[in-house]
Amino acid sequence: MRGSELVVRDDLVVGEEPLEIRVAGPRQQPVSVAVTMRTPGNEDELAIGFLTTEGLLGGGSGGEPGNVGAAHAAIAGVEYGDPGFMAEPDDAIVVRLTKRFDASKIAARNFVATASCGICGKASIDSVAVRAEPLPKGLPVVARSVILTLPGRLREAQAAFERTGGLHAAGLFETDGRLVAVREDVGRHNALDKLIGSRVKVRELPLWDRILMVSGRVSFEIVQKAAIAGIPIICAVSAPSDLAIRLADRLGATLVGFLRDDGFNVYSHDGRIDLRDLLG
């Protein structure tokens with residue numbers, strides 16, 4: 001209904017289904033790591049990105065920074081659910097690793113994922129700082145004019161959003177504003193995991209010379225995942241949380257919020273944004 005007019009028509013809505021992520025090393029039975037509500041599509045990228053940003057692919061679990069650049073080498077393959085036993089085989093995925101998987105990593109942390117809030121029951125900022133490699137100081141430095149173009153370029157790349165209006169997007173850009181990749185999902189953290197997983201598959205991590213643009217607000221999980229993937233600049237059209245700002249400051253990430261029209265706010269490490277045209 002629009003005003004006083006009643007219209008009966010079909011409407012295209014976004015899909016939302018559970019995905020169980022399992023992990024197994026050589027000659028191991030798969031272990032369930034998490035169940036997340038996601039938009040179907042790019043399940044392999046979602047699972048790989050999730051395992052990467054949660055520090056479950058090798059280093060980073062014993063007090064040392066994780067080597068995200070080696071994430072691809074840790075993956076032997078990906079398998080979907082058995083169609084002989086499952087009505088929706090794409091709702092379960094097993095990531096096979098090249099080395100034995102330590103199931104105690106799961107027992108030590110409570111993984112509960114939903115489309116709205118990401119991973120709950122997480123350890124403190126200190127835990128994330130341990131698992132993230134230090135971001136390079138200073139570089140890259142990006143022109144203010146490039147930052148201002150990112151929302152429009154992300155929106156142009158959001159094919160599903162234009163049809164449904166119900167998806168979050170995460171876009172990865174080069175420092176001159178050129179789009180590298182974009183992923184969409186009903187969960188903002190899933191969109192980012194899919195994006196990072198896509199870069200793991202082509203062996204691009206760490207992403208030290210890239211910019212992240214997200215369609216919604218910036219939560220703790222968004223900063224965490226971006227920093228672990230090595231992304232130094234995080235931009236969003238909406239607000240960051242106070243915990244997201246504190247984490248970005250601690251990890252050395254540049255955090256930009258309220259990026260709309262001709263303005264934005266910089267909440268941490270503003271040296272990566274070139275503002276000389278405003279400073280005379």
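This passage walks through helix packing, the nonpolar cores and the salt bridges of a predicted model.

Helix α1 is a good place to start. Spanning residues 43–53, α1 packs against α6 (residues 188–201) with the two axes 6 Å apart and an angle of about 90° between them. The pair therefore counts as roughly perpendicular. On the α1 side, the contact draws on D44, E45, L46, I48, G49, F50, T52 and T53, while α6 brings in N190, D193, K194, I196, G197, S198, V200 and K201. Sorted by class, this contact of α1 with α6 has 5 nonpolar, 6 polar and 5 charged residues.

α1 also packs against α7, again at about 90°, with the axes 9 Å apart. These two helices are therefore roughly perpendicular as well. Here F50, T52 and T53 of α1 meet Q224, K225 and I228 of α7, which works out to 2 nonpolar, 3 polar and 1 charged residues.

Turning to the interior, the largest nonpolar core holds 52 residues, and V33, L51, L212, V218 and I234 are the ones touching the most other members. Helix α7 (residues 220–228) gives the most to this core, putting in 6 residues. L51 touches I21, V23, V33, L56, L57 and V95, leaving aside residues up to four places away in sequence. A separate core of 16 residues lies apart from the big one, and its members include L154, I211, M213 and C235.

L56 turns up again in a long-range pairing: its C-alpha atom is 7.4 Å from that of K105, though 49 residues separate the two along the chain. K105 sits in helix α2 (residues 104–107) and, at a relative accessible area of 15%, is buried.

As for charges, the model has 16 salt bridges. One of them joins K225 and D193, at 3.0 Å from N to O. Since K225 belongs to α7 and D193 to α6, this bridge ties together parts 32 residues apart in sequence. Both K225 and D193 are buried. Another bridge pairs R144 with D277, whose closest N and O atoms are 2.5 Å apart. That one links distant parts of the chain, running from R144 in α4 (residues 144–157) to D277 in α9 (residues 276–279), 133 residues away. D277 is exposed, with a relative accessible area of 52%. R276 bridges to D274, with 2.7 Å between the closest N and O atoms, and R276 is exposed too, at 62% relative accessible area. Finally, E17, R38, E43 and D91 are joined into one network by salt bridges that share partners.

Technical notes. Residues are numbered from 1 along each chain as its sequence is written. This is a predicted model: local features need pLDDT of at least 70, side-chain atom pairs count only at pLDDT 80 or more; totals for chains, interfaces and linings use all residues. Side-chain values use heavy atoms; hydrogens and water are left out. Axes are lines fitted to C-alpha atoms, for helices over the stretch in contact, and angles run from 0 to 180 degrees between N-to-C directions. Helices (H or I, at least four residues) and strands (E, at least two) are DSSP runs, numbered from the N terminus. Angles under 35 degrees count as roughly parallel, over 145 as roughly antiparallel, 65 to 115 as roughly perpendicular and the rest as oblique. Contact means heavy atoms within 4.5 Å. Ala, Val, Leu, Ile, Met, Phe, Trp, Tyr, Cys and Pro count as nonpolar, Asp, Glu, Lys and Arg as charged, and the others, Gly among them, as polar. Buried means under 20% relative accessible area, exposed over 50%, partly exposed in between (1.4 Å probe, protein chains only). A nonpolar core is a set of buried Ala, Val, Leu, Ile, Met, Phe, Trp, Tyr and Cys residues joined through side-chain atoms within 4.5 Å. A salt bridge is a side-chain nitrogen of Lys or Arg within 4 Å of a carboxyl oxygen of Asp or Glu.
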